[in-house]
Structure formats: structure tokens, C-alpha cells
Amino acid sequence: MLKAGASSPLVLVPRLTGDRDVAELKSFVRAHATVTLALERWCRLTGLSEASLTADVRGEVSYVKDPPPEIAADLRLRRAPEGYPIERVLLRRVELRSGTIGLVDAENWVVPDRLPSSIVHDLDQTATPFGRLIAELGPTRIDVRDIDPSAIRSALDAEPPLFAQQAVICSGDGVRLAVVRERFLPALIGEKAEKNRPARNDD
């Protein structure tokens, strides 16, 4: 599944192979710096969609006064002597879509004071995916792990996800910018993706 590429030290080509579909997708996603980049490449390589990826914001983008303890811990939030966080956290719930196809629903727990004001504005006012907004910061993902899909509040509960994961998003210089939780939807390995998958090359 791993292919050497001229523009990157490692390029993964999706190969959908029956009961390995989810494992292939998970490996592909986790080989990329952001899910935004992974989804754009997955859609292009499988022929699933040529449309640009957008973030359909669900509900209001809002500040959370007291985020869940595990989120606060992963973000390394600074706290007052009394114990409450003194850094704000912004919660953005989205469905990542390529055209009309829903691919991922997600929660972005973002520390706005660690981001340029222009990015914070666009988080609230545009349908731009978080990964694309922070691309200029050289993001990386750390502490990536599987989670229970029920940990993510979603408007799409009628469609059980393939898997769910959580990660900490850092800037290129190691600043923790956000915690993201994501549920990957069945359309990613649906009939069209299977039909148009790239030819396998095991050489």
C-alpha cells in the first residue's frame, strides 16, 4: 500500500479490498498532516468526488467556558490559581463534505488565542475546513487514537460511522492549537469509491 512519491517521501494510494476497507482508510488518513488533506486526496484518488471540500457548520460556533477535562488536558490550557481555565476554547461542529457527499462529521475544540485573528474570523464566518485554514502554520497531528463514536455529538446519528478518532493539532513549532474529534462516514468506502479505486500495484 505504501508508494514512494517524487513530491513526498511517502504517498499512500487507497486500495479498497473487502473487509480491509476501514483499515486501509484509517491508515491513509493517519499518514497525512490533516484530515482535510487526506480527504481531498482520497476523493481524488478513488474518483469519489472532484468537488472542493467544505465544512458545513452545525449550529453556532461558540465559546465553551469549561471544556471537558480530557479536552482541557490535551490542550494544556493555562489555569488560574482557583483551577479554572484562563484560555478560551472555541467549539466548532461541522460535517466535511465533497459536493453533496458527507464524508466526516467532526468537533473542533480550538484555542483561538493561539491562532492568528484572521483564522479565528474564518472559523466563525466561513465554510472553510479547519485543516485548510491552518495549512500555513505547518500543522501536525499527535496523540491520534480511536474513540467511541458516541463521544461526538452529531446531527447524523442515523448513519453509523466506519470509525471515530481524536487527535491534537499542533502548529509547526509545537504549539497545541486544537483537539479534533472525527467520525468517518460510510460514503468514503461506498460503491463509487470501490468502483473507481486506483489499480493495485504491488511492485
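**Group meeting talk: cores, a cavity and three residues**

Let me begin with the largest nonpolar core, which has 20 residues, and in which Leu25, Leu39, Leu96, Leu103, Val104, Phe184 and Leu188 are the ones that touch the most other members. At least two residues of this core come from each of helix H1 (21-30), helix H2 (35-46), strand S3 (53-57), strand S5 and strand S6 (101-110), and among these contributors H2 gives the most, with 5 residues. I should say straight away that what you are looking at is a predicted model, so please hear everything that follows as a description of that model. As general background, nonpolar side chains in soluble globular proteins tend to be buried together.

Leu96 is a useful place to look into this core, and if we leave aside its neighbours within four places in sequence, Leu96 is in contact with Val35, Leu39, Thr54, Ala55, Ile101, Gly102, Leu103, Val104 and Pro129. There is also a second, separate core, made of 15 residues, and its members include Val61, Val110, Leu123 and Ile134.

Stepping back to the whole chain, we have 6 helices and 9 strands, and of the 203 residues, 47% count as buried. When we take the contacts in the chain with a separation of 6 or more, 65% of them are accounted for by residues 24 or more positions apart. The chain exposes about 10100 Å², and carbon and sulfur atoms supply 51% of that area.

Now to the empty space inside. How many cavities of 30 Å³ or more does the count give? The count comes to 1, and the volume of this largest cavity is about 150 Å³. Its lining is made of 17 residues, of which Thr36, Asn108, Phe130, Gly131 and Glu182 are the closest to its centre. The elements that give two or more residues to this lining are H2, S5, S6, helix H5 (130-133) and strand S9 (176-184), and it is S5 that gives the most, with 3 residues. You will notice that H2, S5 and S6 were also named as suppliers of the largest core.

Staying with S5, which covers residues 89-98, I would like to turn to Ser98, which is found in that strand. Is Ser98 buried or exposed? Ser98 is buried, because its relative accessible area is 2%, and the cut-off for buried is under 20%. The side chain of Ser98 reaches the backbone oxygen of Ala51 at 3.0 Å, and, again leaving aside neighbours within four places in sequence, the residues in contact with Ser98 are Cys43, Ser49, Ala51, Ser52, Leu53 and Leu103. Leu103, you may recall, is one of the core residues that touch the most other members.

Finally, I want to point out two backbone details. Arg76 is not a glycine, and yet it has a positive phi of about 55°; this residue is found in the loop between helix H3 (69-75) and S5, and it counts as exposed because its relative accessibility is 51%, where the cut-off for exposed is over 50%. Asp143 is likewise a residue other than glycine with a positive phi, in this case near 50°. Asp143, however, is found in a strand, namely S7, residues 140-146, and with a relative accessible area of 40% Asp143 is partly exposed.

Notes:
Residues numbered from 1 in each chain as written. Predicted model: local features only at pLDDT ≥ 70, side-chain atom pairs only at ≥ 80, totals over all residues. Heavy atoms only, no water. Helix = DSSP H or I, 4+ residues; strand = E, 2+ residues; numbered from the N terminus. Buried < 20%, exposed > 50% of the residue type's maximum accessible area, 1.4 Å probe, protein only. Contact = heavy atoms within 4.5 Å. Areas by Shrake-Rupley, 256 points an atom, 1.4 Å probe, with all protein chains shown as cover. Polar contact = N/O pair within 3.5 Å; in protein donor to acceptor, adjacent residues only side chain to side chain. Core = buried A, V, L, I, M, F, W, Y, C linked by side-chain atoms within 4.5 Å. 1 Å grid on protein atoms, 1.4 Å probe; cavity = no way out; pocket = protein on both sides within 12 Å on 5 of 7 lines; lining within 4 Å. Points joined across faces, edges and corners; volume = space filled by probe spheres on them.
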